[in-house]
Structures are given as structure tokens and as C-alpha cells.
Amino acid sequence: LIIQDFLPRFPEYDAWKQNITLVQDISIAQAERKLQQFFHLHSRESLAYDPHETVAISMVLDYIAMTQKISLSGQTISDAASSAVSGSIQTMLQITLQITLPKRKSNEKELQMDKFTRRNLEVTKTLQNLHYGSLLWLLDETKTSQGGRALFTCLNSPIRDIDELNKRQDKIAYFMQDKAKLSKIREILKEVPDFERMLAKIALKRSSPIELRNLALGMRNFAYLAKLIDQQIAYPAELIEQVLAAIEEDATQEKGYIKQGFDSQLDEWRDFEIQVDRQILALQEEYKSSTKIANLRIKFNGNFGYIIEINSNHKDKLSYAFVFRQDLKNVARYTTQALETINVKLAQSTELIMAREKQIFEMLCQQVLATAAQINSYATESAQVDLYANFAAVSLENGYVRPVMTNDNKFEIVGGRH
């Protein structure tokens with residue numbers, strides 16, 4: 001977010017200007033009203049920000065609304081969806097943005113480095129602008145995305161408070177004391193998803209059933225890991241087990257991702273589809289017998305549904321009950337009243353099944369969003385576990401030892417190497 005008059009001062013401005021979107025100016029009063037409405041605050045006095053911060057936060061919300069194509073009014077947008085038979089299934093889908101009030105970050109305990117210092121120290125990239133050979137490259141053996149981000153932040157914002165440094169060293173030492181346990185922890189971390197990103201996709205209604213299932217599995221895996229390291233963390237067992245009981249392990253298709261037995265109404269419509277297969281086989285045998293055409297087949301076609309196929313030279317054997325549909329090179333296609341009835345019912349049941357599955361999926365998503373605070377805590381805690389387990393593993397691998405931290409100006413290295 002940049003003041004428009006300041007833009008031409010950038011050397012890259014000519015290359016940028018074709019891709020820059022100008023937003024309307026916003027007053028401090030407008031920004032305060034927007035934040036008060038979006039975060040459901042009782043009064044503007046609840047905003048503990050200076051005017052510039054208030055405007056910046058408001059513009060960030062506008063940016064989200066613009067790029068994600070959603071409304072920020074009242075935090076939700078509605079999407080009427082999935083009308084089923086006789087309009088009996090009507091569901092209102094809502095997108096709820098899981099955004100909490102920003103907190104002002106204190107930099108008092110961190111070492112501030114400008115980009116030139118960071119570049120010369122080769123913290124995240126070498127002088128040749130390569131990841132390989134940088135400090136981040138050397139230390140990054142994290143197993144999760146959130147752990148990788150935590151490591152990046154850790155290296156770019158070194159802490160300078162000795163108490164905080166010793167707490168960090170204590171956590172690393174804890175993971176180093178049992179190599180077998182550390183190895184098990186890092187194996188479990190491989191099965192822990194990026195909770196923040198997955199929660200955001202669910203909130204924006206861009207997640208898939210398999211992603212929802214993976215989120216539930218990840219929460220169960222991390223809850224087990226937390227217990228392994230004697231860490232207390234809330235575990236929404238009922239919700240997690242419900243998601244796992246509902247969604248198939250290979251839920252990649254548009255239909256059939258809700259498990260059999262989870263929903264009685266869905267099972268009823270699926271049973272009809274199974275009965276259709278039996279009815280089609282019975283009709284095929286009946287038509288073979290009545291027409292004396294041994295190679296008569298009833299096949300499913302994307303355009304016609306179930307259709308009768310015979311060799312073209314058998315056309316004269318069919319009665320008026322068989323209605324012509326299509327002539328191919330050596331094959332003629334026909335239908336009957338019985339087949340048309342099945343096709344209509346099958347199309348209806350398919351539509352009902354897809355609508356019902358979507359309704360169940362959306363219901364589960366809303367239940368997951370209701371536990372957003374817990375999921376965010378999983379994101380934070382898993383990032384920290386991965387970060388310190390990573391430091392422990394790298395230290396054991398490279399023979400690093402714990403430094404003795406003091407408040408004086410001594411810097412003593414014994415047996416070091418560069």
C-alpha cells in the first residue's frame with residue numbers, strides 16, 4: 001500500500017504501472033467504521049491503533065475483498081445452492097472470514113537488520129542470490145510448511161533477550177535428549193498439514209473434501225504428537241471423527257465422496273442407482289428374448305443415458321415400441337418407454353446425490369470453521385514443535401553444542417570452524 005504521489009520515485013515504476021491497481025482514498029473515520037463493523041466491535045474506542053494503522057488495516061481488508069471476490073459486509077456472503085426434488089433441499093452457504101484483530105508486534109527483543117546486512121550475512125540467500133549455501137539452506141530440515149515459515153522468521157528476526165534465548169535453548173535440548181523420540185516426532189510431523197492455509201481455503205469455500213479429511217487427520221496426528229511430548233492441546237474429537245467417518249479416503253471425484261452409511265437419505269438414493277443396474281440387465285435379457293437379437297446391448301451414453309444398441313441389419317426385427325434415436329456406421333440406437341423412465345429417475349437421483357453430498361460437505365466445513373481458534377492453535381504449536389525439533393536434528397547431525405549465553409561482551413569459541 002503506497003501513496004500514489006510516491007510511486008514515480010521507484011526505479012521500477014515504468015515496469016509496474018501497467019499492473020498497479022489504484023484504490024479509492026479512505027478517511028480515518030471511514031476506516032474506523034469498517035473495522036468496527038467487520039470485527040463486531042461495540043465502539044471505535046475498542047480500536048487500539050493510531051490513525052495510520054487503522055487506515056492500513058482497512059485497506060488490507062479492501063484488498064482481500066477485491067482479490068477474493070467476496071463481500072466484507074457483515075463478514076459473510078450468501079450463495080443459494082443445490083435445489084433438489086420439488087425444492088426440498090435448499091441450503092444457504094456462507095463464507096466466514098477467520099480474521100482476528102491484528103496485534104501490534106513489539107520489536108524490542110529482536111535484532112533489527114536492514115536488507116543490506118541480511119544480504120551480506122547470507123541469511124536466506126547468498127550474495128549470488130541463491131538459496132543454496134545460505135544460512136536458511138543449512139538449517140532448514142523442517143517437515144511442515146508452517147515450520148519452514150517459523151524458521152524463516154526466526155532467522156530474519158534474531159532475539160536478543162537472554163531469557164528468551166535460554167528458553168529456546170531449553171526447548172532444543174529437550175528434543176535432543178532422546179534421538180529415537182526425536183525421529184518419531186519428525187516422522188509424525190510429515191503427516192501434519194499446513195493448518196493455516198487449509199483453514200483459509202475452507203473459509204473461502206475453495207477446499208475439496210479430501211483436503212477437509214486431511215485437515216482432520218492432521219489434527220489427530222498432531223494431537224497424538226502433543227501427547228507424546230507432554231503438551232496440552234484442545235482436541236475436538238467428536239468433530240474430527242465425524243469428518244473421518246463422513247469422507248472417503250480417496251475422495252477425489254465430484255460424486256461419491258461421502259461414505260456409505262453416513263447419511264440415510266444419501267444411502268437411499270444410492271440404493272436406487274444399484275437397483276437401476278439390476279433393472280437394466282433384466283430389460284436387456286427381456287429385449288433379447290422378445291426380438292431374437294442375441295447381440296442386443298443396453299449401454300450408457302453421455303448424451304442419451306441408457307440406450308439400446310443393435311447391429312444395423314437387425315432393424316426390421318424391432319417393433320413400434322422401440323423408438324429410433326441414432327444411426328451410426330454399423331450400429332443403430334433405440335430407446336423404449338421403460339428405458340426413458342429409468343433415465344429420468346436416474347438423472348434426478350444423480351442430481352439429488354450430488355446436492356446432498358455438497359450439503360453434507362458444507363455442513364462439515366461450517367463445523368470446522370466454528371473451531372477456527374483451536375485450529376489456529378494447532379498451526380502455531382505445530383510450527384514451534386517443528387522449528388525446535390529441526391534445530392535439535394540439525395545440531396545432532398552437525399555436532400553443534402549449546403552456547404553459554406552471557407550479558408557481557410565476551411565472545412569465546414573453542415574448537416570452532418568457519
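This text walks through the empty spaces, the surface, the salt bridges and two backbone details of the structure above. The model is a predicted one, so please read every value below as computed from it.

Let's begin with empty space. Rolling a probe the size of a water molecule over the atoms shows where such space is left. The largest pocket holds about 2200 Å³. Its lining is made of 42 residues, and the ones closest to the pocket centre are Q169, V401, P403, M405 and F411. Four helices each supply at least two residues of this lining: α5, α6 (145-156), α7 (162-176) and α14 (372-398). Of these, α7 provides the largest share, with seven residues. Sorted by class, the lining of the largest pocket has 25 nonpolar residues, along with nine polar and eight charged ones.

Enclosed space comes next. Two cavities reach 30 Å³ or more. The second largest of them contains about 40 Å³. Around it you will find L212, L215, A216, M219, L239, I240, V243 and V368. Two helices, α10 (209-228) and α11 (237-246), are the elements that give two or more residues to this lining. The biggest contribution is that of α10, with four residues. What classes do the lining residues of the second largest cavity belong to? Eight are nonpolar, and there are no polar and no charged residues among them. The lining of the largest pocket, by comparison, includes nine polar and eight charged residues.

Now move to the outside. L130, Y132, L135, W137, L138 and Y400 make a nonpolar surface patch of about 580 Å². One of these residues, L138, sits in helix α5 (residues 135-139). The relative accessibility of L138 is 37%, so this leucine counts as partly exposed. Helix α5 has already come up, since it supplies at least two residues of the lining of the largest pocket.

Charged pairs are the next stop. Side chains of opposite charge can pair when their charged atoms come close. In this model there are 16 salt bridges. One of them joins the side chains of E357 and R270, with an N to O distance of 2.5 Å. Because E357 belongs to helix α13 (residues 337-369) and R270 to helix α12 (residues 264-291), this pair ties together parts that lie 87 residues apart in sequence. Are the two partners buried or exposed? E357 has 0% relative accessibility and therefore counts as buried. R270, at 11%, counts as buried as well.

E309 is a good residue to look at next, as it takes part in a salt bridge with K299 and in another with R333. In the pair with K299, the N to O distance is 3.6 Å. E309 is in strand β4 (residues 305-311) and K299 in strand β3 (residues 297-301), so this salt bridge ties together parts that are ten residues apart in sequence. The two partners sit in unlike surroundings: E309 is buried, with a relative accessible area of 14%, whereas K299 is partly exposed, with 42%. In the pair with R333, the closest N and O atoms are 3.0 Å apart. Here R333 comes from strand β6 (residues 331-335) and E309 from strand β4, so the pair ties together parts that are 24 residues apart in sequence. Both R333 and E309 are buried.

Elsewhere, salt bridges link R149, D194 and E196 into a network.

Finally, two backbone details deserve a look. H40 has a phi near 55 degrees, a positive value in a residue other than glycine. You can find H40 in the loop between α2 (28-38) and α3 (51-68). With a relative accessibility of 51%, H40 counts as exposed, because the cut-off for that class is over 50%. K205 also has a positive phi without being a glycine, with a value near 60 degrees. Its place is the loop between α9 (195-203) and α10, and α10 is the helix that gives the most to the lining of the second largest cavity. K205 is partly exposed, at a relative accessible area of 31%.

Key
Residues numbered from 1 in each chain as written. Predicted model: local features only at pLDDT ≥ 70, side-chain atom pairs only at ≥ 80, totals over all residues. Heavy atoms only, no water. 1 Å grid on protein atoms, 1.4 Å probe; cavity = no way out; pocket = protein on both sides within 12 Å on 5 of 7 lines; lining within 4 Å. Points joined across faces, edges and corners; volume = space filled by probe spheres on them. Nonpolar A, V, L, I, M, F, W, Y, C, P; charged D, E, K, R; others polar. Patch = residues over 30% accessible without salt bridge, like charges linked within 9 Å, V, L, I, M, F, W, Y side chains within 5 Å. Areas by Shrake-Rupley, 256 points an atom, 1.4 Å probe, with all protein chains shown as cover. Salt bridge = Lys/Arg side-chain N within 4 Å of Asp/Glu carboxyl O. Buried < 20%, exposed > 50% of the residue type's maximum accessible area, 1.4 Å probe, protein only.
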